[in-house]
Amino acid sequence: MTVLSILVHVLCGLTAVLAVYYTVRDLSADLVLLGGCAAVLLIWLVQGIALGLRDLGGTPMTDPVTLYGYLLTGLVLPLGGAWAGVWERSRWGSLAIGAVALTLMVLELRLQQIWPGGFA
(Lines give C-alpha, C1' and ligand atoms only; values in the text may rest on other atoms or scores of the structure.)
Protein backbone atom coordinates (compact mmCIF):
# COMPACT_ATOMS: atom_id res chain seq x y z
CA MET A 1 0.00 0.00 0.00
CA THR A 2 2.94 2.31 0.49
CA VAL A 3 3.64 2.31 -3.24
CA LEU A 4 0.05 3.30 -3.98
CA SER A 5 0.22 6.09 -1.41
CA ILE A 6 3.39 7.45 -2.96
CA LEU A 7 1.82 7.27 -6.43
CA VAL A 8 -1.23 9.16 -5.21
CA HIS A 9 0.96 11.91 -3.77
CA VAL A 10 3.13 12.15 -6.88
CA LEU A 11 0.23 12.22 -9.34
CA CYS A 12 -1.75 14.69 -7.24
CA GLY A 13 1.31 16.90 -6.82
CA LEU A 14 2.08 16.92 -10.53
CA THR A 15 -1.53 17.63 -11.39
CA ALA A 16 -1.69 20.46 -8.85
CA VAL A 17 1.52 22.06 -10.15
CA LEU A 18 0.24 21.79 -13.72
CA ALA A 19 -3.10 23.30 -12.69
CA VAL A 20 -1.33 26.22 -10.97
CA TYR A 21 0.69 26.79 -14.15
CA TYR A 22 -2.50 26.79 -16.24
CA THR A 23 -4.18 29.17 -13.79
CA VAL A 24 -1.28 31.63 -13.71
CA ARG A 25 -1.00 31.60 -17.50
CA ASP A 26 -4.79 32.12 -17.79
CA LEU A 27 -5.28 28.87 -19.72
CA SER A 28 -8.34 26.68 -19.72
CA ALA A 29 -8.03 22.98 -18.97
CA ASP A 30 -6.97 20.95 -21.99
CA LEU A 31 -6.46 17.24 -22.52
CA VAL A 32 -3.14 17.25 -20.64
CA LEU A 33 -4.65 18.63 -17.44
CA LEU A 34 -7.76 16.51 -17.81
CA GLY A 35 -5.50 13.49 -18.33
CA GLY A 36 -3.78 14.29 -15.04
CA CYS A 37 -7.17 14.38 -13.38
CA ALA A 38 -8.03 11.02 -14.99
CA ALA A 39 -4.72 9.54 -13.76
CA VAL A 40 -5.54 10.66 -10.22
CA LEU A 41 -8.97 9.05 -10.53
CA LEU A 42 -7.42 5.83 -11.80
CA ILE A 43 -4.88 5.54 -8.98
CA TRP A 44 -7.62 6.21 -6.40
CA LEU A 45 -9.68 3.46 -7.99
CA VAL A 46 -6.75 1.04 -7.78
CA GLN A 47 -6.17 1.98 -4.16
CA GLY A 48 -9.85 1.50 -3.34
CA ILE A 49 -9.87 -1.94 -4.95
CA ALA A 50 -6.69 -2.93 -3.09
CA LEU A 51 -8.12 -1.82 0.26
CA GLY A 52 -11.43 -3.52 -0.47
CA LEU A 53 -9.67 -6.78 -1.32
CA ARG A 54 -7.60 -6.48 1.84
CA ASP A 55 -10.80 -5.99 3.85
CA LEU A 56 -12.44 -9.02 2.18
CA GLY A 57 -9.30 -11.10 2.61
CA GLY A 58 -9.57 -11.28 6.37
CA THR A 59 -7.86 -8.10 7.51
CA PRO A 60 -10.88 -6.08 8.67
CA MET A 61 -10.58 -2.32 9.00
CA THR A 62 -11.48 -0.69 12.31
CA ASP A 63 -14.01 1.75 10.83
CA PRO A 64 -15.01 0.57 7.35
CA VAL A 65 -17.81 3.12 6.89
CA THR A 66 -15.46 6.08 7.21
CA LEU A 67 -12.78 4.34 5.14
CA TYR A 68 -15.12 3.66 2.25
CA GLY A 69 -16.54 7.17 2.60
CA TYR A 70 -13.04 8.56 2.13
CA LEU A 71 -12.44 6.28 -0.84
CA LEU A 72 -15.76 7.24 -2.42
CA THR A 73 -14.93 10.92 -1.93
CA GLY A 74 -11.59 10.28 -3.61
CA LEU A 75 -13.43 8.86 -6.61
CA VAL A 76 -16.09 11.57 -6.86
CA LEU A 77 -13.80 14.60 -6.48
CA PRO A 78 -11.75 14.02 -9.68
CA LEU A 79 -14.98 13.55 -11.61
CA GLY A 80 -16.24 16.88 -10.33
CA GLY A 81 -12.92 18.56 -11.09
CA ALA A 82 -12.90 17.18 -14.61
CA TRP A 83 -16.48 18.33 -15.08
CA ALA A 84 -15.54 21.84 -13.95
CA GLY A 85 -12.46 21.79 -16.19
CA VAL A 86 -14.51 20.84 -19.25
CA TRP A 87 -17.43 23.21 -18.74
CA GLU A 88 -15.65 26.21 -17.25
CA ARG A 89 -13.50 27.41 -20.13
CA SER A 90 -11.47 29.92 -18.16
CA ARG A 91 -8.67 29.76 -15.62
CA TRP A 92 -11.18 28.81 -12.94
CA GLY A 93 -11.72 25.36 -14.45
CA SER A 94 -7.98 24.75 -14.16
CA LEU A 95 -8.01 26.08 -10.61
CA ALA A 96 -10.83 23.68 -9.71
CA ILE A 97 -8.71 20.73 -10.88
CA GLY A 98 -5.79 22.03 -8.80
CA ALA A 99 -8.01 22.33 -5.73
CA VAL A 100 -9.19 18.75 -6.25
CA ALA A 101 -5.60 17.50 -6.50
CA LEU A 102 -4.57 19.28 -3.30
CA THR A 103 -7.67 18.04 -1.49
CA LEU A 104 -6.90 14.46 -2.50
CA MET A 105 -3.33 14.80 -1.21
CA VAL A 106 -4.69 15.84 2.20
CA LEU A 107 -7.28 13.06 2.07
CA GLU A 108 -4.51 10.54 1.43
CA LEU A 109 -2.58 11.84 4.44
CA ARG A 110 -5.70 11.44 6.57
CA LEU A 111 -6.14 7.88 5.35
CA GLN A 112 -2.65 7.04 6.55
CA GLN A 113 -3.24 8.70 9.91
CA ILE A 114 -6.56 7.03 10.61
CA TRP A 115 -5.76 3.54 9.29
CA PRO A 116 -2.00 3.02 9.77
CA GLY A 117 -2.39 -0.76 9.67
CA GLY A 118 -4.03 -0.60 6.26
CA PHE A 119 -0.99 1.03 4.72
CA ALA A 120 1.87 -0.88 6.30
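T15 is buried in this predicted model, because its relative accessibility is 5%, under the 20% cut-off. T15 sits in helix α1. The briefing below starts from T15, then moves to other buried and exposed sites, a loop, a salt bridge and an aromatic pair.

**Around T15**

- Leaving out residues up to four places away in sequence, T15 touches L33, G36, C37, V40, I97 and A101.
- One of these partners, G36, also appears in a polar approach. The backbone oxygen of G36 lies 3.5 Å from a polar atom of the T15 side chain.

**A buried glutamate**

- E108 belongs to helix α4, which covers residues 91-114.
- E108 counts as buried because its relative accessibility is 0%.
- The side chain of E108 still has a polar partner. A polar contact of 3.1 Å joins it to the side chain of Q47.

**The loop between α1 and α2**

- Helix α1 spans residues 2-24, and L27 lies in the loop between α1 and α2.
- D26 is found in that loop too.
- L27 is partly exposed, because its relative accessibility is 35%, which falls between the 20% and 50% cut-offs.
- What does L27 contact, apart from its neighbours within four places in sequence? The contacts are Y21, Y22, S90, R91 and S94.
- L27 and R91 are 64 residues apart in sequence. In space, their C-alpha atoms are 5.4 Å apart.
- D26 has a positive phi, near 60 degrees, and D26 is not a glycine.
- Most residues other than glycine have a negative phi.

**The salt bridge**

- How many salt bridges does the structure hold? It holds one.
- The partners are R91 and D26, whose side chains meet at 3.2 Å, N to O.
- The pair links distant parts of the chain. R91 is in helix α4, D26 is in the loop between α1 and α2, and they are 65 residues apart.
- Side chains of opposite charge can pair when their charged atoms come close.
- R91 counts as partly exposed because its relative accessible area is 29%.
- D26 is also partly exposed, because its value is 48%.

**The aromatic pair**

- The count comes to one aromatic pair. Its members are Y21 and Y22.
- A pair of aromatic rings is described by the distance of the centres and the angle of the planes.
- For Y21 and Y22, the centres are 6.2 Å apart and the planes meet at 70 degrees.
- Why is this pair edge-to-face? The angle of 70 degrees is over 60, so the pair gets that label.
- Is Y22 buried or exposed? Y22 is buried, because its relative accessibility is 8%.
- Y21 is partly exposed, because its relative accessibility is 45%.
- Both rings belong to residues that L27 contacts.

**A nonpolar surface patch**

- L42, L45, V46, I49, L53 and L56 make a nonpolar patch on the surface. The patch area is about 610 Å².
- L53, one of the patch residues, lies in helix α2, residues 31-56.
- Why does L53 count as exposed? Its relative accessibility is 55%, so it passes the cut-off of over 50%.

Conventions
Residues are numbered from 1 along each chain as its sequence is written. This is a predicted model: local features need pLDDT of at least 70, side-chain atom pairs count only at pLDDT 80 or more; totals for chains, interfaces and linings use all residues. Side-chain values use heavy atoms; hydrogens and water are left out. Patches are made of residues with over 30% relative accessible area and no salt bridge: like charges are joined within 9 Å, nonpolar side chains (Val, Leu, Ile, Met, Phe, Trp, Tyr) within 5 Å. Accessible areas come from the Shrake-Rupley method with a 1.4 Å probe; for residues, only the protein chains shown count as cover. A salt bridge is a side-chain nitrogen of Lys or Arg within 4 Å of a carboxyl oxygen of Asp or Glu. Helices (H or I, at least four residues) and strands (E, at least two) are DSSP runs, numbered from the N terminus. Buried means under 20% relative accessible area, exposed over 50%, partly exposed in between (1.4 Å probe, protein chains only). Rings of Phe, Tyr and Trp (its six-membered ring) pair if their centres lie within 6.5 Å; planes under 30 degrees apart count as stacked, over 60 as edge-to-face and the rest as tilted. Contact means heavy atoms within 4.5 Å. A polar contact is a pair of N or O atoms within 3.5 Å; within protein, one must be able to donate a hydrogen and the other to accept it, and residues adjacent in sequence count only if both atoms are side-chain atoms.
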